[in-house]
Structures are given as C-alpha cells and as structure tokens.
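The following exercises concern helix packing and burial in a protein model. Please examine the sequence and the structure before reading each worked solution.

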Amino acid sequence: MKVHSAKILTQKDLEKEFIAISKLFVGKETEHNWEKRDAAIRQLRETLHSTHFEEWKSTFVRGIHDVASDVIKTIHSLRSSVALEGLALISDISLLIGECLDLYTIETILTNLLKCCSTTKKIIVSKSNEVTSQFLSRTNYHFKVVSILCKNISDKNTQVRQSSALFLKTVLQTHGQKEQTKLAIGKAESTALIHQSLNKGLSDASPSVREACRQAYWTYHEYWPNEAKKLCITIDTVALRQLEKSNKGKKISPIPLFNRSNSSSSISTTSSSSSKPPTLKRASSNSEVDGKKHHSIPAVSIEVKKNLSIQKLTRLSHISHVSAPTAPVAYKLNRQLSTTHARSQRQTKSDFHHRSALESASILNMLKSNDTNQRCNGIRKLSEKLHNTVYNPSGSISLPPDVPSKLNLLPILMDYISRKDLELEVYQTLMSWESLAGIFVYVMSLNYYAPTLIIADQQCKSSQSKRSDMTAVFSKGLARMKLFLKRNDPGLVMKLLNLLKSTENVQKSKQLDSSVKRDILLFPINKEHLQVGLLEWIDQLACDYLGLAQDEDMETLMEGSRWLNASLQTTTAERWFDVDENVKQLTDYVVHMTTADSTKHQELLQPALQKLIEHLKMINATVFDDVVQSANKDPKVAENSLLQNVLRSIMEEQSTDS
C-alpha cells in the first residue's frame, strides 16, 4: 500500500529534504537529535512510496548517493526502533532503486550492513541479514562486492564469517543466472578470491561457518562447475568428504592435473626405423571401458609421480625401442622418484621456516624502530598474524612461527607502556582493541600490564593528579581489558587478589614489574592508587555477581564486538564467587586490610574497602560472619578500626531499611 507524503510536494522540496538530512546527521546520535533523525528516515521512506516516485526517480538516486554515509548511521543506533527503521529504509532503497545505485553507494551500505552482523541484539542481526540478502540480490554486480565478502569470510567474528559466506552465495546465485555477470565472475581475478576464501572457510574452526561455505560452494558449482572442480583439488580430504556429504553424498570429480589413463593411450610410439622419439599427448579427462564412460578422480601426489615415470619411459623407449623398462631399471626409477619426493618435502619445509623467519624479523624491526608509523604498523601487523591464535587464560599460549617469540616481544611491549615520551599515536594503537585483545592477552600475563593501566586510570579520576593524554588513553585501555577479561578469564578475581597481596611489600614482590616498582618508589601515592584500583575492579565483579552492575559503555562494547560476546547474561569471571572457599579467601584478606595499621593513614583506600565489604556480606553472609568473628578474637583489632566502622555502617543501613 502506497503512503502519500504530506510535506514533500515537488521535486525541489525533495532536493531540499536531502540537504536537510545531510546537515541533520552530522556528528553522533544524542538524546537531542535521535527523534529528528528517526522522523527524517520515516519521511524519506514515505516519499519513496509516494505517487511521484517514478517522476522523481533520478533525484532519489542522486540524493541517496549524497546522503548514504549519513543515513546509514541509523542502523548502528543503540535504540532498536531507530536501527530497524534505518534497515527498513535500506530495504526500500534496494527494492525501488537498487539497480540504479553506483559502486560508492553499494559499498557504503554493504560495509555498514556487515558490521550489524556482529551486534549483540538478535533482532537487529536477523533483520540486517534479511536486508543484506535482499540488497545484494537487487543491486548490480561489482567485483568490489565479491572482494568485500571474501575478505569478511576471514573476519575474527564468527557471525560475520558465517553471514559473509551466505551473502556470497546470494551474489553467486543472483548473478550466475545472467550471462554477462556470469562471465565476469568467472574471470581469474574473481575466481582466485572465491577459491581462497571458500578454501579457508571450508576448514574453519566454527561448524556454522563451514556449513555456510558448503552452501556457497554448491551454488558456485551449479553455475561454474569447472572452476568449482578445480577448487576441490586444493581442499583437504576431511573437508572434501564433509562437502560431498552435505549435498546428499554427491561425489565431486575434480578436473585432473594429470591424466590417469593407460600409458598406451598417452604415449605415441613410432616405428623402429623412425629416428623421432615418442611424444607425450594430453589424454581425455574421461576413459572408456566396456562402452561406458568413467570419470577420472586424480590423487595429485600420485599423478606427479606417474607423470615423471612417463617422461623416464619416453627417454628409455627412444633408446631401446621398447615400451616398458626392465625390472632393474624400474627399481632404480622408483628409488629416484622416492628420493626426489623426500628432497622436495625437505625443501618445502625449509622454505616455510625461511619465510617465517623473515616475517618474524620484519615485525621485530618495525617494533624496534624509532619511527612512529613503523611502530604502529608493527603492532597492527603483529595483531593480524595472531588472528587465529586461541586464547587460554589458564595455560601457556603458543605463538605462530612467523611472529617474534614472547621473549623478544615482552621487553618491547613493556618498554612501550612504561615510557612517557612516545607519540600519542603509539599509545592509542597500543590501547586499541586490536592490540589489547589481539596481542596483550597472548604475550603478557595480567600482572605485567594491569598495574600501569590501573595507576593511570586512578590518576585520571584523582583531582589532585594532573591528567595527561597518555593516562586518558591508558584509562580507556583498562576499560576495554575489563570487558574482555571478565568474559574470558574464569580465574580473574584470583589473579587480582594475588596482585593485591603483592602490594604489601612492593620491592620484594615477584608479581610487579621493575618499572612499576620504580614508579611507586618515586611516587608513593601510586601504591595507594594501585590498591584502590584493584579493590574497585574486584568490587565491580562482585556487583556483576549480585546483579548490581552498572550499565556497560555501549560505544566501547560496539567497538570491541568482534572480541566480545556481549549477549552473555552471566560473565565468566563472576562465577568465581560461587565457591565458598574463594569468598572466604577474599574476605579474609579484605578484613586483614581493614585491621592493618597502615590502612588507617590511607584515606583513598577506606571507601573502596567499605564498598567491597558490604558486597561480600551480601554474597555470602555465613562466610562473612565467620571471618569477622575470627578477626574480632584478635586483640590487635581495635574498637575504632575501619572494620568496626564498616560493620556499624552496615547495621545502621539495615535498621533504616527495616
């Protein structure tokens, strides 16, 4: 049903509307402008469905081109209603003017739609997948579209990889039916990209990604069978078997690299009087036996050997005019072939190690460089190389051979975060999601980098400390690490507790890095900053357990969506509080801190300790009461100790509530 526009009555009004939209979408979405933006999108949709559409079609195409990068912002809105309205607009655009859009507009819309695949809201993911499939089936073919989709099949986020493979299937299915675009996709440039991405996707760690790539492959096989068969030669045996099984057990007959037919059909011998040597001919891919055609299914390694054998036989028959060698000669040929194959394998391994060593040395030189751009590029390149590394918080993590060792990387990274004279760009790259969740967690333990980030974060919060650009960047980095670790490290609270215990005697601590010890020695207040930061971090995890957590920063969540599973209702780290012994161990130490003489003179510590004690009592009142009773038996615990003050405060709050 068409909706008639009430405001836009002429083509001139439509042009003015596009100019107004462009101005309205400058900057981020706020409480003050989101309603106006939403209304503008609705107005644009109404106009698209107006009776004047065909008359104004060219104006619409130009206008959408001009405001594409602006209106697309709505699909990333934190307000679901606004995001859904933005997706509905993209759907209308694809249906009504999709065939008229240029590459710039298509690329702008597609790249933003792909980002929606990694969002945490299921309704947005579902709708964006639907709209993207529709958009790709309604727009013209461009090589850039295939390139974007193939690149995203290697994305870090599983959902993005799966969706990209399904979208590639949509493109192949849509344009494989058209002769002109079918020829374009069949060109070497597109074929190489498709082969590379599907080859990797069919062996992906995620079952859902593998299944999506199988669907894309069979669509590719339907319209480009010869190219699809060539792809099968490079697929490993397990992936090939699963691929065949996914299509009702249909067997794939790859195009052979070498012929496996009888040598008598491929070697043409001459008469004994002829001086010309026998020639090697290319045989048909099918052999005929008993009147029936049989497809040849080559095994690449066997065919290479057979081809070499045929060449040897050709030379022998030229000399002796016989069609087959004698047994001793055949034995020598087999032995030569085995030696050649073994030498080839050793050479391949040697080449691999050589390339890995060069890649590793290149990254190391970039990180050690004094040039800011080189350093930043080195960090990004290292993150890319560690892309497929599996995070294991409780064990050792093996790095791939084409990156420097941990022994080489650790001193460089520690030097970066301990220095205060580097360019701001280096700190920003170092504290990015790519670096923190892509390098730090694989190379360094928590106790190496956390103290520096915590001290910087506390300095930002303190009114007495001078806030610098570097400390602000480190504070942002700490927020990102908190989001990542609480979702991935079940032993996080224990690590923080051990780090807190190590602050009792900083200079003898084995947990703290020498740079942190030096800073605390020069600036004693940093010890208090570190302790407060650790207590606050533990308290945040306790609040998560109690359901009292503050809302997480949505902008930071969106930035790190590919490294986070923000849809989890229960984080990994908070489960530590399920065990009574864990709660007792933490409560023991916190109570010990409240009764220590040194704590009385540390004003910053007292509010943090009080909050944590209140929450520990809420987590497990029985364990808390047992610990407090044991502490009260100690004659050193004075009546005016911090513990007694906190307990009195809790009692007063309870009596007020009752």
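## Exercise 1: Helix H23 and its surroundings

Helix H23 is mostly covered, since seven of its 10 residues are buried. Here buried means under 20% relative accessible area, exposed over 50%, and partly exposed in between, with a 1.4 Å probe and protein chains only. Helices (H or I, at least four residues) and strands (E, at least two) are DSSP runs numbered from the N terminus.

The model is predicted: local features need pLDDT of at least 70, side-chain atom pairs count only at pLDDT 80 or more, and totals for chains, interfaces and linings use all residues. Residues are numbered from 1 along each chain as its sequence is written, and side-chain values use heavy atoms, leaving out hydrogens and water.

**Task.** Identify the buried residues of H23 and describe how H23 is placed against H25.

**Solution.**

1. The buried residues of H23 are Leu492, Val493, Met494, Leu496, Leu497, Leu499 and Leu500.
2. These buried residues pack against helix H21 (446-461), helix H22 (469-488), H25 and helix H27 (580-595).
3. For H23 (residues 492-501) and H25 (residues 525-546), the axes come within 10 Å and cross at roughly 160°. H23 is therefore roughly antiparallel to H25. Axes are lines fitted to C-alpha atoms, for helices over the stretch in contact, and angles run from 0 to 180 degrees between N-to-C directions. Angles under 35 degrees count as roughly parallel, over 145 as roughly antiparallel, 65 to 115 as roughly perpendicular, and the rest as oblique.
4. The crossing of H23 and H25 is left-handed; that is, the near helix is turned anticlockwise from the far one by less than a right angle, whereas clockwise would be right-handed.
5. On the H23 side, Leu492, Val493, Leu496, Leu497, Leu499 and Leu500 meet Gln531, Leu534, Leu535, Trp537, Ile538 and Leu541 of H25. Contact means heavy atoms within 4.5 Å.

## Exercise 2: Two further helix pairs

**Task.** Classify the orientation of H2 against H3 and of H28 against H29.

**Solution.**

1. The axes of H2 (residues 34-48) and H3 come within 11 Å, crossing at roughly 155°. This makes H2 roughly antiparallel to H3.
2. The crossing of H2 and H3 is left-handed.
3. Ile41, Leu44, Thr47 and Leu48 of H2 meet Phe53, Trp56, Phe60, Ile64 and Val71 of H3.
4. For H28 (residues 605-619) and H29 (residues 621-632), the axes come within 5 Å and cross at roughly 125°. H28 and H29 are therefore oblique to each other.
5. Ile613, Leu616, Lys617 and Ile619 of H28 make the contact with Ala621, Phe624 and Asp625 of H29.

## Exercise 3: The loop between H3 and H4

**Task.** For Ser77 and for His76, decide whether the residue is buried, partly exposed or exposed, and list its contacts beyond four places in sequence.

**Solution.**

1. Ser77 is in the loop between helix H3 (53-71) and helix H4 (80-97), and His76 is found in that loop as well.
2. Ser77 counts as buried because its relative accessibility is 10%. His76, with a relative accessible area of 25%, is partly exposed.
3. Leaving aside neighbours within four places in sequence, Ser77 is in contact with Glu29, Val82 and Ala83. With the corresponding neighbours left aside, His76 is in contact with Asn112, Lys115 and Cys116.
4. Ser77 and Trp34 lie 43 residues apart in sequence and 8.9 Å apart in space, C-alpha to C-alpha.

## Exercise 4: Helix H20 and the nonpolar cores

**Task.** Explain why H20 is described as largely enclosed, and locate Phe440 within the nonpolar packing.

**Solution.**

1. In H20 (residues 433-443), 10 of the 11 residues are buried, so H20 is largely enclosed by the rest of the structure.
2. The cover over the buried residues of H20 includes helix H17 (372-385), helix H18 (406-418), helix H19 (424-430), H21, H22 and helix H26 (554-559).
3. The largest nonpolar core has 90 residues, and Phe440 is one of those with the most contacts inside it. A nonpolar core is a set of buried Ala, Val, Leu, Ile, Met, Phe, Trp, Tyr and Cys residues joined through side-chain atoms within 4.5 Å.
4. Not counting residues up to four places away in sequence, Phe440 touches Ile417, Leu430, Met431, Ser435 and Tyr449.
5. Apart from the largest core lies another, of 68 residues, among them Phe60, Cys116, Val146 and Ile194.
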